[in-house]
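Let's take a walk through this structure together, one contact at a time. Keep the viewer open as you read.

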Amino acid sequence: MIELEGVPELVDPVMVAAFEGWNDAGDAASTAVAHLDKEWKGEVFAALDAEDYYDFQVNRPTVFLEDGVRKITWPTTRLSVVRVGGDKPRDLVLVRGIEPSMRWRSFCNEILGFAHELGVELVVILGALLGDTPHTRPVPVSGVTSDADLATRMDLEETKYEGPTGIVGILQEACTHAGLPAVSLWAAVPHYVSQPPNPKATLALLNRLEDLIDLRIPLGELPEDARAWQRGVDELAAEDSEVAEYVQTLEEARDTAELPEASGEAIAREFERYLRRRDPGSPQDPSGRTRPPPSSPRSPRR
């Protein structure tokens with residue numbers, strides 16, 4: 001571990017993490033954390049030693065020029081802190097990097113060491129996966145946890161997944177075994193348009209995160225970027241009749257699958273979120289547009 005600055009004292013801190021790679025379809029999760037870091041001007045205070053966790057033939061360092069001097073950026077994971085003021089101040093510890101190539105248990109132990117030292121109360125890990133979901137519908141975002149009590153208290157799904165996993169799954173289990181509450185939020189990205197960026201999926205993750213930790217997140221240009229992304233995919237799909245037909249099939253399957261969820265309770269919950277975002281005191285982007293309500297959670301396959 002390489003400490004870049006002293007560890008700050010935080011207020012009711014929540015750790016939010018995302019990692020590029022297998023758990024980051026469309027770069028949606030890592031872009032969400034990058035957005036938080038940019039909007040709230042995060043201050044980096046530590047980085048993990050790249051030599052310990054990365055295969056440089058898989059994740060190669062990059063060379064760049066700064067004032068005529070050649071420098072190297074090494075692949076790593078950095079931790080930054082953002083101070084969020086307002087009526088209910090709450091600080092965030094942002095963890096952003098690349099899925100490590102090796103020593104995953106040691107990697108997670110280092111992250112947990114920081115969480116313990118900083119007094120982190122909750123860890124939220126963002127992920128994105130490829131799914132059979134149409135780009136024309138709200139992005140499905142599921143919230144899962146291994147803690148049964150936490151699932152009940154925060155209206156989450158208790159994970160039942162079995163199969164290959166990535167660093168998101170490993171870190172969540174490490175948190176659980178350490179007695180630290182942890183949640184994973186997963187956005188489903190259409191597999192037929194998986195190339196990054198995917199601002200619509202990033203926006204959906206941030207909306208779900210906002211609801212989870214009761215913190216208003218400035219969205220900046222993301223809503224407009226998401227609309228532009230969908231218009232672009234619409235145009236591409238319209239140029240290929242087979243793709244257009246496939247998208248229509250996904251739409252019908254999605255709409256049919258969600259019919260049982262259209263209960264009075266579910267509709268009331270979504271309407272409450274909608275009203276909360278329309279409230280004059282609620283956050284808006286710089287143009288004054290109120291953010292859309294988040295999508296309903298669905299189970300991830302990871």
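## Where helices meet

In this predicted model, a good place to begin is the contact between H3 and H5: Trp104, Phe107, Cys108, Ile111 and Leu112 of H3 meet Ile167, Ile170, Leu171, Ala174 and Cys175 of H5. Sorted by class, this contact has 10 nonpolar residues, with no polar and no charged ones. The axes of H3 and H5, the latter spanning residues 167–177, come within 10 Å and cross at roughly 55°. That angle makes H3 oblique to H5, and the crossing of the two is right-handed.

Now turn to another pair of helices, H1 (residues 28–39) and H6 (residues 199–213). Their axes come within 8 Å, with a crossing angle of roughly 60°. H1 and H6 are therefore oblique to each other, and their crossing is right-handed. On the H1 side, the contact is made by Ala28, Ala29, Thr31, Ala32, His35 and Leu36, and on the H6 side by Ala201, Thr202, Leu205, Leu206 and Leu209. By class, the contact of H1 with H6 has 8 nonpolar and 3 polar residues, and no charged ones.

Next come the aromatic rings. A pair of such rings is described by the distance of the centres and the angle of the planes. How many aromatic pairs does the structure hold? There are 5 aromatic pairs. One of them joins Phe45 and Phe114, which sit edge-to-face with 5.8 Å from centre to centre and 70° between the planes. This pair links distant parts of the chain, since Phe45 is in strand E3 (residues 43–47) and Phe114 in helix H3 (residues 104–118), 69 residues apart. Are these two rings buried or exposed? Phe45 is buried, and so is Phe114.

Tyr53 and Phe107 form an aromatic pair that is also edge-to-face, at 5.3 Å centre to centre and with 85° between the planes. Tyr53 lies in helix H2 (residues 50–53) and Phe107 in helix H3, so the pair ties together parts that are 54 residues apart in sequence. Tyr53 has a relative accessible area of 3% and is therefore buried, because buried means under 20%. Phe107 counts as buried too, at 1% relative accessibility. Together with Phe19, the residues Tyr53 and Phe107 form one aromatic cluster. Phe107 also takes part in the contact of H3 with H5, so you can find this residue in the viewer from either side of the story.

For a change of scene, look at a loop. Pro89 lies between strand E6 (77–84) and strand E7 (90–98). With a relative accessible area of 40%, Pro89 is partly exposed. Leaving aside neighbours within four places in sequence, Pro89 is in contact with Val11, Asp12 and Val84. The C-alpha atoms of Pro89 and Leu10 are separated by 9.8 Å, while the two residues are 79 apart along the chain.

Finally, zoom out to the whole chain. The chain has 9 helices and 11 strands. Of its 302 residues, 45% are buried. Among contacts between residues at least 6 apart in sequence, 79% join residues at least 24 apart. The pairs Phe45 with Phe114 and Tyr53 with Phe107 are handy places to see such links on screen.

Note on methods: Residues are numbered from 1 along each chain as its sequence is written. This is a predicted model: local features need pLDDT of at least 70, side-chain atom pairs count only at pLDDT 80 or more; totals for chains, interfaces and linings use all residues. Side-chain values use heavy atoms; hydrogens and water are left out. Rings of Phe, Tyr and Trp (its six-membered ring) pair if their centres lie within 6.5 Å; planes under 30 degrees apart count as stacked, over 60 as edge-to-face and the rest as tilted. Helices (H or I, at least four residues) and strands (E, at least two) are DSSP runs, numbered from the N terminus. Buried means under 20% relative accessible area, exposed over 50%, partly exposed in between (1.4 Å probe, protein chains only). Axes are lines fitted to C-alpha atoms, for helices over the stretch in contact, and angles run from 0 to 180 degrees between N-to-C directions. Angles under 35 degrees count as roughly parallel, over 145 as roughly antiparallel, 65 to 115 as roughly perpendicular and the rest as oblique. A crossing is left-handed if the near helix is turned anticlockwise from the far one by less than a right angle, and right-handed if clockwise. Contact means heavy atoms within 4.5 Å. Ala, Val, Leu, Ile, Met, Phe, Trp, Tyr, Cys and Pro count as nonpolar, Asp, Glu, Lys and Arg as charged, and the others, Gly among them, as polar.
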